[in-house]
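Here are my notes on the model, set out as numbered points. Please read them with the structure open.

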Amino acid sequence: MDSNQETEASANTPSLPKSVYKDPDDGRQRFLLELEFVQCLANPTYIHYLAQNRYFEDEAFIGYLKYLQYWQRPEYIKFIMYPHCLYFLELLQNSNFRNAMAHPGNKELAHRQQFYYWKNYRNNRMKHILPKPPPEPVAAPPASVPPPPPVPPSTIPVSAVPPPQPAPSPALSPMQYAIPHGSALPKNDLRTSGVDRRKRKKEV
């Protein structure tokens, strides 16, 4: 009777595999491949490529994306060089986002917003990190100081006043330094010379 119960119990329990698969390099190759794939998700163009080729319609691939969320744990996140990939990995858990990324316009929008984030993140972050300077102390009103004694008016004798200086002559303008009218110096103007330059070129 006991032997029959043991055979029935063994038939109901699933048989364990004889040999459990073990990576030959202790999972190093798998770790590197999954790290590379997760970091590729930081690129909206790559996500658009996956959507265009209908990877997001495969249930196994969606399950793989759920499995990759372990990269958000502290012991794995230290290996991530492009933290945007974790943000996109979280968005890819939503079917609406997966369907939207198949459209080129949405891909461009995500890429543009990512660029603006990179451009302004440091400045915006520094506003919250750097300590604000203390407010300047308000100057206290001065204590009541007696006004200075009035200065008696002084009389200056007329002889002490210096004589008025003649007004300086105005500076000459640049045109006044030019050759005066009626000058005997000849003008070298090629336009009024008697030689026709076109004829001179032909002669040469």
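**Notes on charges, a helix and ring pairs**

1. Glu34 is buried, with a relative accessible area of 6%. The model is a predicted one, and the points below should be read as computed from it. Glu34 has a charged partner: a salt bridge joins Glu34 to Arg30, with 3.3 Å between the closest N and O atoms. Arg30 itself is partly exposed, at a relative accessible area of 46%.

2. Where do Glu34 and Arg30 sit relative to each other in helix α2? The two are four residues apart in α2 (residues 28-40), and therefore about one helical turn separates them. As a general matter, an α-helix has 3.6 residues a turn, so residues three or four places apart point the same way.

3. The structure has three salt bridges. Another one links the side chains of Arg73 and Glu75, at 3.0 Å from N to O. Arg73 is partly exposed at 40% relative accessibility, and Glu75 is partly exposed at 40% as well.

4. A further salt bridge is formed by the side chains of Lys107 and Glu108, with an N to O distance of 3.0 Å. Lys107 is buried, its relative accessible area being 13%. Glu108 is partly exposed, with 38%.

5. Arg98 deserves a separate point. Arg98 belongs to helix α7 (residues 95-100). What is the nearest side chain of opposite charge to Arg98? That side chain is Glu59, 6.7 Å away, and Arg98 is buried yet without a salt bridge. The cut-off for a salt bridge is 4 Å between a side-chain nitrogen of Lys or Arg and a carboxyl oxygen of Asp or Glu.

6. Arg98 does have a polar partner in the backbone: a polar atom of the Arg98 side chain lies 2.7 Å from the backbone oxygen of Leu92. Setting aside neighbours within four places in sequence, the residues in contact with Arg98 are Ala51, Phe56, Ile62, Leu92 and Gln93.

7. One of these contacts, Ala51, leads to helix α3. In α3 (residues 44-52), the residues Pro44, Ile47, His48, Leu50 and Ala51 are buried. They span an arc of only 160 degrees around the axis, so they lie on the same side of α3.

8. The ends of α3 are worth checking by eye. At the N-terminal end, Asn43 acts as a cap, with a side-chain oxygen 3.0 Å from the backbone nitrogen of Thr45. After α3 comes Arg54, which has a positive phi, near 60 degrees.

9. Turning to the rings, how many aromatic pairs does a search of the whole structure find? The search gives 17. In one of them, the ring centres of Tyr55 and Phe61 are 5.5 Å apart and the planes stand at 55 degrees, so this pair is tilted. An angle over 60 degrees would be needed for edge-to-face, and one under 30 for stacked. Tyr55 is partly exposed, with a relative accessible area of 35%, whereas Phe61 is buried at 13%.

10. Tyr67 and Tyr70 make another tilted pair, with 5.2 Å from centre to centre and 55 degrees between the planes. Here Tyr67 is partly exposed, at 34% relative accessibility, while Tyr70 is buried, at 13%.

Note on methods: Residues numbered from 1 in each chain as written. Predicted model: local features only at pLDDT ≥ 70, side-chain atom pairs only at ≥ 80, totals over all residues. Heavy atoms only, no water. Phe/Tyr/Trp six-rings, centres within 6.5 Å; stacked < 30°, edge-to-face > 60°. Buried < 20%, exposed > 50% of the residue type's maximum accessible area, 1.4 Å probe, protein only. Arc of directions from axis to C-beta. Polar contact = N/O pair within 3.5 Å; in protein donor to acceptor, adjacent residues only side chain to side chain. Lys, Arg positive; Asp, Glu negative; His and termini not counted. Contact = heavy atoms within 4.5 Å.
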